[in-house]
Protein chains: 2
Amino acid sequence: MTTIIDGRKIATEIRESLKEEVKTLTSKKGLVPGLAVIIIGEDPASQVYVNMKRKACEQIGLKSFYYPLPASTSKEELLKIISELNQNKEVNGILAQLPLPKHLDENIIINQIDPLKDVDCFHPANIGKIMLGDEDGFYPCTPYGCQELISRTVPDLKGKHLVVVGRSNIVGKPMINMMIQKNKRANCIVTACHTAAKDISYYTKQADILIVAAGRPKTITKEMVKKGVVIIDVGVNRITDPKNASKTKLVGDVDFEEVAPLSSAITPVPGGVGPMTITMLLKNTIKAFKIQHGINL
Amino acid sequence: MTTIIDGRKIATEIRESLKEEVKTLTSKKGLVPGLAVIIIGEDPASQVYVNMKRKACEQIGLKSFYYPLPASTSKEELLKIISELNQNKEVNGILAQLPLPKHLDENIIINQIDPLKDVDCFHPANIGKIMLGDEDGFYPCTPYGCQELISRTVPDLKGKHLVVVGRSNIVGKPMINMMIQKNKRANCIVTACHTAAKDISYYTKQADILIVAAGRPKTITKEMVKKGVVIIDVGVNRITDPKNASKTKLVGDVDFEEVAPLSSAITPVPGGVGPMTITMLLKNTIKAFKIQHGINL
């Protein structure tokens, strides 16, 4: 029997418990945790994401501060806004939706946002803390969501062979670093494999847990996994619907139809990792609030 | 035929070329790169290491600034000295020899030393840069030395399976992050294995390149490797000399006598990784000088 890991359901459960936590924190401190969301320009996909994030904040009782800026925003204007948000005590987390317009360098954001408010985990110091296993930083939202799904699916992770396909800075690399740490939500033997491999199936076939963040549909087919594997599919690819050429559909990096029957558990796309990402952003914002107010984590 | 990787010889070659580089930089800038070395207390091993580092600086023409502090040094005094060194333009790199006396927290050093002068790579922001593949930071000296030995021994690393035994913050974790990057000195498929594995030989037997930083003699025996493997032994263990019980000797983590014949190349202990560590500290100090003076790396 294959378990389809229901990211929507798990995300909803976590958001319910975060809502309770926000209530408790608010009544204890008389303050509401807040997230500032900056969006520059009119990219439609970015607007969809930003609206989802703002709505998610409202749903669990977080304040959201909205900064829609014109595409013509200068570096100086952006730096000034971020500086003000760094100072603003009502704002506990700051995120700037990527991508930025071409004239703005992402490093502006990375280096300007106060690491204590860096809920997207872009600052090198927060990245460094992942590697060091220092729990005082943040985890990037997507790998954090994957870890949550994994630890709910495989309660005893010690010594499991976890294989990560893909080495991006936002998914693959943090994932590896999170999963080798000596703690209950990790402690795996981790293999990081990527395009330089002659044959990635040599590695993927060994996986007890397989995380795929390659950015290409059908990166993983049925010959490439062992029976009983747990699969976390991070891919989001829009393809022509094979059943109707006039439509498109979303698929992951795994050939779900043929691989799912071999797996013991697998995330679908959509409805797997996706809903977890914003949920972990909410969790990071609450964590930022607690750190800034000296509340035990 | 097994190549014994001669760390002493390679270190000497690198130091010769660093000496030339220091000459060039000095004549171009009229300034000599400088390293400040802080030692607190009288730990004999620490004194040996510090003297080796100071001597190595002199040999290649770097200035070394020596701060031997009493074991009773307070946190405030230490912070003040580090702040002064952060400001001092003659000092390009700062290192504080570990371990510190018990009343002093290592985090003082980690957080106080200017990341631009952090030639031991302790600051989380420099650690983060390793993961991100950002070449503007530093690499910790021991894994940096290992990478140098590996890239000289295996010129084409692309897609090689590199297995790291041990997940310490100073060797195993940075090593993994350095070796998965997409560059000529890395680009390996990397497996991070450690004490949580039921059977580490399952992983070590797959290694084209095996890095062992486990801190225990005979962690790797002949049954645990495949023929032709390249082995980098980071271990330094003092044991009773099996040939003379009244003496001690240094050994690595690999059972050298039985494993060496199976390998295509292997580092001895002593004389393998050891001599590289201080060499890479010198290299980091020169890099720090270049960064601080806006010279292309």
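Two strands are said to pair if DSSP finds at least two bridges between them, and strands themselves, like helices, are DSSP runs numbered from the N terminus (E over at least two residues for strands, H or I over at least four for helices). With these terms in hand, A:Asn237 can be placed opposite A:Val251 in strand 10 of chain A. The structure is a predicted model, in which local features need pLDDT of at least 70, side-chain atom pairs count only at pLDDT 80 or more, and totals for chains, interfaces and linings use all residues. Residues are numbered from 1 along each chain as its sequence is written, while chains are lettered from A and ligands numbered from 1 in the order in which they are written.

Strand 9 of chain A is joined to strand 10 (residues 244-251) of chain A by five bridges, and the two run antiparallel; together they form a hairpin with two residues between them. Strand 9 (residues 237-241) of chain A is hardly covered, since none of its five residues is buried (a residue is buried if 20 or more other C-beta atoms, placed from the backbone, lie within 10 Å of its own).

Elsewhere in chain A there is an open sheet of three strands in the order 3-2-4, with parallel pairing, and its edge strands, strand 3 (63-69) and strand 4 (93-96) of chain A, each pair on one side only. Strand 2 (residues 34-40) of chain A is joined to strand 3 of chain A by seven bridges, and within this pair A:Ile38 stands opposite A:Tyr67.

The domain assignment of chain A, which is automatic or taken from a database, gives domain 1 (31-114) and domain 2 (137-274), and the C-alpha centres of these two domains lie 29 Å apart.

Turning to the two chains together, 26 residues of chain B are in contact with 26 residues of chain A, where contact requires C-beta atoms, placed from the backbone, within 7 Å of each other. Helix 5 of chain B gives the most to the side of chain B that touches chain A, with eight residues. Strand 6 (residues 189-193) of chain A also pairs with strand 6 of chain B in the antiparallel sense over three bridges, and there A:Val190 stands opposite B:Ala192.

What rotation superposes chain B on chain A? A rotation of 180° with 0.0 Å of shift along its axis does so, with RMSD 0.0 Å, by least squares on the C-alpha atoms of residues with pLDDT of at least 70 in both copies. That is the relation of a two-fold axis. Because 100% of the interface residues of chain B are also interface residues in chain A, the copies meet through the same surface.

Key
A residue is buried if 20 or more other C-beta atoms lie within 10 Å of its own, exposed if 12 or fewer, and partly exposed in between; C-beta atoms are placed from the backbone.
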